[in-house]
Amino acid sequence: MALTETVPAAAPPAHEGILRRQSLRESAARTYARSLPIVPVRARGLTIEGADGRRYLDCLSGAGTLALGHNHPVVLEAIRTVLDSGAPLHVLDLATPVKDDFTTELFATLPRELAERGRIQFCGPAGTDAVEAAFKLVRTATGRDGLMAFSGAYHGMTAEALAASGGAQHTSVARLPYPYDYRCPFGTGGERGAELAARWTQNLLDDHKSGVPRPAGMILEPVQGEGGVIPAPDGWLRRMRELTAARQIPLIVDEVQTGVGRTGTFWAIEHSGIVPDVLVLSKAIGGSLPLAVIVYREELDAWQPGAHAGTFRGNQLAMAAGRATLAHVRANGLAERAGVLGARMLDRLRALAGTHDCIGDVRGRGLMLGLEFVDPGADLDPGGARPAAPQLAAAVQRACLDRGLIVELGGRHSAVVRLLPPLTITDEQADAILDRLADAITAAVRTNPGPTASSPTTL
Ligand code: PMP
């Protein structure tokens with residue numbers, strides 16, 4: 001990630017002062033603020049306006065939170081209705097009409113098995129807390145302790161969620177290969193790579209001397225988001241479902257980023273038809289406000305009252321905004337729209353890759369899209385991939401910002417430029433995004449021409 005702290009030369013004093021005070025006062029751990037030195041003051045749909053008067057097309061969308069873009073009228077209306085009703089804003093986990101409506105709407109979107117026989121736990125309002133809850137739930141239900149997770153995963157920043165993520169330094173979580181076509185750990189890619197990944201997992205589970213005891217649960221993302229926009233093949237997901245079901249291992253699917261229409265179906269699990277034992281949901285379900293839940297099969301509901309308590313599990317505004325968002329996505333077929341538009345954008349991105357040999361791979365599902373930047377001067381590795389080019393990706397991100405386009409970086413080496421636009425964008429807005437991106441890539445390549453043949457190729 002670029003560590004840009006610069007302020008545009010023509011920026012007005014208020015904008016400059018806010019950015020300067022931020023870099024003086026906020027933690028060294030701040031993230032997006034480093035590569036995106038803007039001061040949002042107004043936003044609507046795809047567009048953010050900065051304190052410097054500049055307008056940006058926002059394809060970061062709150063890290064995939066804003067299914068309907070910024071400040072959608074149905075979201076604002078839902079929030080105003082709660083505010084004007086005199087309803088309490090803070091209620092711990094007590095029952096309220098707002099929560100009842102949210103739960104009903106959410107259950108209407110779920111696969112039948114979960115809708116009819118599922119339980120919901122409202123968690124602390126972040127994806128990571130819902131991941132912690134899922135782990136606690138399956139440990140209690142199975143009486144087992146270990147967990148299985150996948151290389152390149154991202155599940156959050158609290159202790160256990162981090163331990164199950166690809167960036168973990170100390171971990172007791174067994175790590176499994178995720179089918180990453182472009183950088184296939186088995187050097188084959190395609191269906192064969194996914195088959196070998198599945199076989200590895202099966203072997204680990206069945207070999208009594210594998211050194212990995214039967215786990216309390218397995219957690220996976222249907223599309224790895226932060227890991228670099230890596231969609232798992234549907235067949236591989238079905239294999240993971242079969243393997244876990246046959247061995248009474250609860251399967252936890254983390255749809256924090258893929259949910260609410262993002263990948264072209266309401267939930268990404270619908271592509272493969274699998275039904276997990278636990279579904280982890282956050283981001284878009286709160287309609288831009290903080291909300292996180294797990295939904296799980298009732299057989300797992302063996303934990304004790306208070307097993308996952310927390311003061312902020314009753315955010316009424318988030319539930320109202322979330323209910324409005326879920327209903328709007330459902331009523332307007334926005335998941336299908338994301339599928340159609342995403343496929344069109346993917347085609348254009350592939351055409352772009354055809355004219356830029358620094359784009360090693362283009363991939364995505366629905367409106368979750370990524371371009372992996374590589375060093376075109378370096379040799380291909382045995383699997384046919386070139387070394388990642390994180391500096392070039394950072395230069396593309398900066399060039400995008402200069403052109404009024406906000407994009408995110410992700411992937412193993414921060415070399416994947418990610419697009420997560422709202423599901424509500426028009427065809428013209430999609431074209432404007434891609435035009436700016438194409439122009440930014442040309443500019444970044446011009447100013448960063450040098451292939452760095454010695455750059456590391458580690459996975
Ligand atoms: N799981 C996934 C798949 C995510 O993408 C994220 C956030 N990017 C999280 C969990 C953690 O969510 P939060 O940042 O709200 O804790």
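The following dialogue walks through the fold of a predicted model, from the overall chain to single residues.

Student: How many helices and strands does the protein chain have, in this predicted model?
Tutor: Before looking at single residues, it helps to take stock of the chain as a whole, whose C-alpha trace spans about 60 × 60 × 40 Å along its principal axes. The secondary structure of the protein chain comes to 15 helices and 17 strands.

Student: What radius of gyration does the protein chain have, and what would a compact globule have?
Tutor: For 459 residues, a compact globule would be expected to have a radius of gyration near 23 Å. The value for the protein chain agrees with that expectation, because it comes to 22 Å.

Student: What share of the residues is buried?
Tutor: A residue counts as buried when its relative accessible area is under 20%. Applied to the 459 residues of the protein chain, that cut-off gives a buried share of 55%.

Student: Which residues have the most contacts inside the largest nonpolar core?
Tutor: The largest nonpolar core has 100 residues, and it draws at least three residues from each of domain 1 (74-331) and domain 2 (335-416). Apart from this core lies another one, of 25 residues, with Cys 123 and Ile 294 among them. Within the largest core, the residues with the most contacts are Trp 236, Phe 373, Leu 419 and Leu 437.

Student: What share of the contacts with a separation of 6 or more joins residues 24 or more positions apart?
Tutor: Leu 419 offers a way into this question, since leaving aside neighbours within four places in sequence, Leu 419 is in contact with residues including Cys 59, Met 345 and Leu 437. Over the protein chain, among contacts with a separation of 6 or more, the share that joins residues 24 or more positions apart is 71%.

Student: Is Leu 346 buried or exposed?
Tutor: Leu 346 is found in helix 13, which covers residues 334-355. Not counting residues up to four places away in sequence, Leu 346 touches Val 362, Arg 363, Gly 364 and Leu 369. Its relative accessible area is 10%, and because the limit for this class is under 20%, Leu 346 is buried.

Student: Where is His 70 placed, and is His 70 buried or exposed?
Tutor: His 70 has its place in the loop between helix 3 (61-64) and helix 4 (73-85). Beyond residues up to four places away in sequence, His 70 touches Ala 43, Arg 44, Gly 45, Thr 47, Ile 48 and Asp 58. With a relative accessibility of 15%, His 70 therefore counts as buried.

Conventions: Residues are numbered from 1 along each chain as its sequence is written. This is a predicted model: local features need pLDDT of at least 70, side-chain atom pairs count only at pLDDT 80 or more; totals for chains, interfaces and linings use all residues. Side-chain values use heavy atoms; hydrogens and water are left out. A nonpolar core is a set of buried Ala, Val, Leu, Ile, Met, Phe, Trp, Tyr and Cys residues joined through side-chain atoms within 4.5 Å. Buried means under 20% relative accessible area, exposed over 50%, partly exposed in between (1.4 Å probe, protein chains only). Domain bounds come from an automatic or database domain assignment. Contact means heavy atoms within 4.5 Å. Helices (H or I, at least four residues) and strands (E, at least two) are DSSP runs, numbered from the N terminus. The radius of gyration is taken over C-alpha atoms; the globule rule is 2.2 Å times the number of residues to the power 0.38.
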